[in-house]
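Q: Could you take me on a close look at one part of this predicted model? I would like to see how the part is built and what surrounds it.

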Amino acid sequence: MDRFKLDPFSYVSYEITPNNFDKYTNRTSPFVQKDAKNKNRFYGVCPGCNNPIVMVSLYQTQNATTHPYGRHVKHNIPQIADYSQNDYDNCPYANKNNKSNNKFLPAKSAIGLSNKLLLKEQYDQVIYILRKQTDVLFSNNLAPKMLDEYVNNTGWLYSNTTSDNLPWKFGEVISAKSLGGQYVKIDSDIQQAIRQYYLSKGKDIEREEKECRYHLGILMSV
């Protein structure tokens with residue numbers, strides 16, 4: 001994996017680089033610990049399953065051919081995280097030969113419960129990111145319906161969900177929705193495609209576009 005967290009209870013992850021490790025850990029204990037051979041080991045937390053990880057090739061020579069990466073540690077690391085085999089088996093960053101093929105996590109999965117809490121606390125941010133990335137301004141009528149469906153489907157138990165991809169997994173769990181009546185961002189690719197389609201059919205849409213601009217105003221600039 002190429003990202004790490006500082007704490008099992010955190011939703012923030014960072015790219016695994018020497019600069020980030022130094023910046024966020026100050027290169028101090030408990031993130032730096034001695035192994036049995038008195039050699040420094042650099043630890044963090046997996047953003048997918050909250051298990052401990054060790055940074056490999058974090059500080060290397062300029063001629064190194066590998067990039068720094070994180071590797072699961074299959075035992076507890078004091079003051080970093082306790083190891084859970086069940087969470088590892090369902091981790092999206094686990095060795096693919098050991099990963100579970102189940103579509104759903106166990107009902108009491110720590111990963112799933114963490115995803116559920118994250119969505120509860122950051123729901124507005126999830127919708128904001130979907131709006132930003134898709135250029136579709138999901139209305140205040142449609143967005144709650146999407147949330148209801150996510151809850152009914154226990155979407156937080158879908159495997160391979162992490163704090164980094166939660167907005168996309170949220171959308172993936174939801175069944176196909178009609179976007180009729182939904183606004184799209186002006187001058188976005190999707191708006192231009194819709195415009196060109198109707199113009200090719202000989203439709204005059206200038207009036208409708210002006211009305212949209214008037215009513216949406218600043219919302220179109222998100």
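A: Happy to. A nonpolar core here is a set of buried Ala, Val, Leu, Ile, Met, Phe, Trp, Tyr and Cys residues joined through side-chain atoms within 4.5 Å. With that in hand, let us look at helix H5 and the core to which it contributes.

The largest nonpolar core of this predicted model has 47 residues. Those that touch the most other members are Phe-4, Phe-21, Met-55, Ile-80, Leu-119, Tyr-150 and Phe-170. Two or more residues each come from strand E4 (40–45), strand E5 (52–56) and the helices H3, H4 and H5. H3 gives the largest share, seven residues. In soluble globular proteins, nonpolar side chains tend to be buried together.

Now for H5 itself, which spans residues 166–173. Its buried residues are Leu-166, Pro-167, Lys-169, Phe-170 and Val-173. Viewed down the axis of H5, these residues fall within an arc of 165 degrees, so they line one face of the helix. What covers them includes helix H3 (110–134) and helix H4 (142–152).

Take H3 as the starting partner. The axes of H3 and H5 lie 8 Å apart and make an angle of about 85 degrees, which means that H3 is roughly perpendicular to H5. On the H5 side, the residues that meet H3 are Leu-166, Pro-167, Trp-168 and Phe-170. On the H3 side, the contacts include Asn-115, Leu-118, Leu-119, Tyr-123 and Val-126, and also Gln-133 and Thr-134.

H4 is the other partner to look at. H4 and H5 pack with their axes 9 Å apart, at an angle of about 85 degrees, so H4 too is roughly perpendicular to H5. Here Met-146, Leu-147, Glu-149 and Tyr-150 of H4 meet Leu-166, Phe-170 and Val-173 of H5.

Leu-119 is a good residue to centre your view on. Leaving aside neighbours within four places in sequence, Leu-119 is in contact with Val-126, Leu-147, Tyr-150, Leu-166 and Phe-170. Among these contacts, Leu-166 and Phe-170 are buried residues of H5, while Leu-147 and Tyr-150 are H4 residues that meet H5.

The core also takes residues from E4 and E5, which brings us to the sheet. Four strands form an open sheet in the order E3-E4-E5-E6, with antiparallel pairing. E3 and strand E6 (69–72) are the edge strands, each pairing on one side only. On average, neighbouring strands of this sheet are turned by 45 degrees against each other, direction ignored.

Within the sheet, strand E3 (residues 32–34) pairs with E4 over three bridges, and Val-32 stands opposite Phe-42 in E4. Five residues separate E3 and E4 in their hairpin, where Asn-38 in the turn has a positive phi of about 65 degrees. E4 and E5 likewise pair over three bridges, with Tyr-43 opposite Val-54 in E5. Their hairpin has six residues between the strands, and Asn-50 in the turn has a positive phi of about 65 degrees.

Definitions and conventions: Residues are numbered from 1 along each chain as its sequence is written. This is a predicted model: local features need pLDDT of at least 70, side-chain atom pairs count only at pLDDT 80 or more; totals for chains, interfaces and linings use all residues. Side-chain values use heavy atoms; hydrogens and water are left out. Buried means under 20% relative accessible area, exposed over 50%, partly exposed in between (1.4 Å probe, protein chains only). The arc is that of the directions from the helix axis to the C-beta atoms. Contact means heavy atoms within 4.5 Å. Two strands pair if DSSP finds at least two bridges between them. Axes are lines fitted to C-alpha atoms, for helices over the stretch in contact, and angles run from 0 to 180 degrees between N-to-C directions. Angles under 35 degrees count as roughly parallel, over 145 as roughly antiparallel, 65 to 115 as roughly perpendicular and the rest as oblique.
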